[in-house]
Amino acid sequence: MKKAETMSRPAARFAVSVLLGLAAVLAAMAVCSFGVLAGPLSGVSYAVLAPGCLAVGCLLAAFRAARCMPGRKLIWAVLAGGGLLLCLIICSFACFGGPVEGPRVAVNAGCALAASLLGGFLGAAGRKRKRKR
């Protein structure tokens, strides 16, 4: 088989990266909400927990995008983080439809950008192992 036949399309790899980040955000939010209800995180503000969960998801999505996308890895990583943020904004509009707070969106965008850059640097700097036959 040729190498091009075994590799999946870049759009599919990008979508999987964003969906993996979305799953990580939702899992981190579930863990944090359990921590708030159980007591260990009851003193922590939601304004700290929510961007933290977003940063975890963006870091994971950007890391995976930088590892598996061909060329311009940092751009793909930032796009994966931005895609994850856009996906969460659309989901929040669809589910809640309330007013938008500009400073909160700006903080979330800043956290997503910083985590995406970090994940992109980590993903692009890591070496892939060569397979032994």
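Student: Why are helices α3 and α4 called oblique to each other?

Tutor: In this predicted model, helix α3, which spans residues 46–68, packs with α4 at an angle of about 140°, and their axes are 8 Å apart. Angles over 145 degrees would count as roughly antiparallel and those from 65 to 115 as roughly perpendicular, while the rest, once angles under 35 are set aside as roughly parallel, are oblique; α3 and α4 are therefore oblique to each other. The crossing in which α3 passes α4 is right-handed.

Student: Which residues make the contact of α3 with α4, and what classes do they have?

Tutor: From α3 the contact draws on Leu54, Gly57, Cys58, Ala61, Ala62, Ala65, Ala66 and Arg67, and from α4 on Lys73, Trp76, Ala77, Ala80, Gly81, Leu84, Leu85 and Leu88. By class, there are 12 nonpolar, 2 polar and 2 charged residues in the contact of α3 with α4. Gly counts as polar under this scheme, whereas Lys and Arg count as charged.

Student: What makes α2 oblique to α4?

Tutor: The axes of helix α2 (residues 10–38) and helix α4 (residues 73–95) cross at roughly 55° and come within 9 Å. An angle counts as roughly parallel under 35 degrees and as roughly perpendicular from 65 to 115, so the crossing angle makes α2 oblique to α4. The crossing of α2 and α4 is right-handed. Its contact is formed by Phe14, Val18, Gly21, Leu22 and Val25 of α2, together with Trp76, Leu79, Ala80, Gly83, Leu84, Cys87 and Leu88 of α4, and these residues divide into 10 nonpolar, 2 polar and no charged.

Student: How do you know that Cys32 counts as buried?

Tutor: The cut-off for buried is under 20% relative accessible area, and Cys32 has 17% relative accessibility, which means that Cys32 counts as buried. Cys32 lies in helix α2 and, leaving aside residues up to four places away in sequence, touches Leu41, Leu49 and Cys53. Between Cys32 and Ala50, the C-alpha to C-alpha distance is 8.8 Å, although they are 18 residues apart in sequence.

Student: How many helices and strands are there in the protein, and what share of its residues count as buried?

Tutor: The protein has 5 helices and 0 strands, and 26% of its 133 residues count as buried. About 9,100 Å² is exposed by the protein, with carbon and sulfur atoms supplying 70% of it. Among contacts with a separation of 6 or more, 76% are accounted for by residues 24 or more positions apart.

Notes:
Residues numbered from 1 in each chain as written. Predicted model: local features only at pLDDT ≥ 70, side-chain atom pairs only at ≥ 80, totals over all residues. Heavy atoms only, no water. Axes fitted to C-alpha atoms, helices over the stretch in contact; angles between N-to-C directions. Helix = DSSP H or I, 4+ residues; strand = E, 2+ residues; numbered from the N terminus. Left-handed = near helix turned anticlockwise from the far one by under 90°. Contact = heavy atoms within 4.5 Å. Buried < 20%, exposed > 50% of the residue type's maximum accessible area, 1.4 Å probe, protein only. Areas by Shrake-Rupley, 256 points an atom, 1.4 Å probe, with all protein chains shown as cover.
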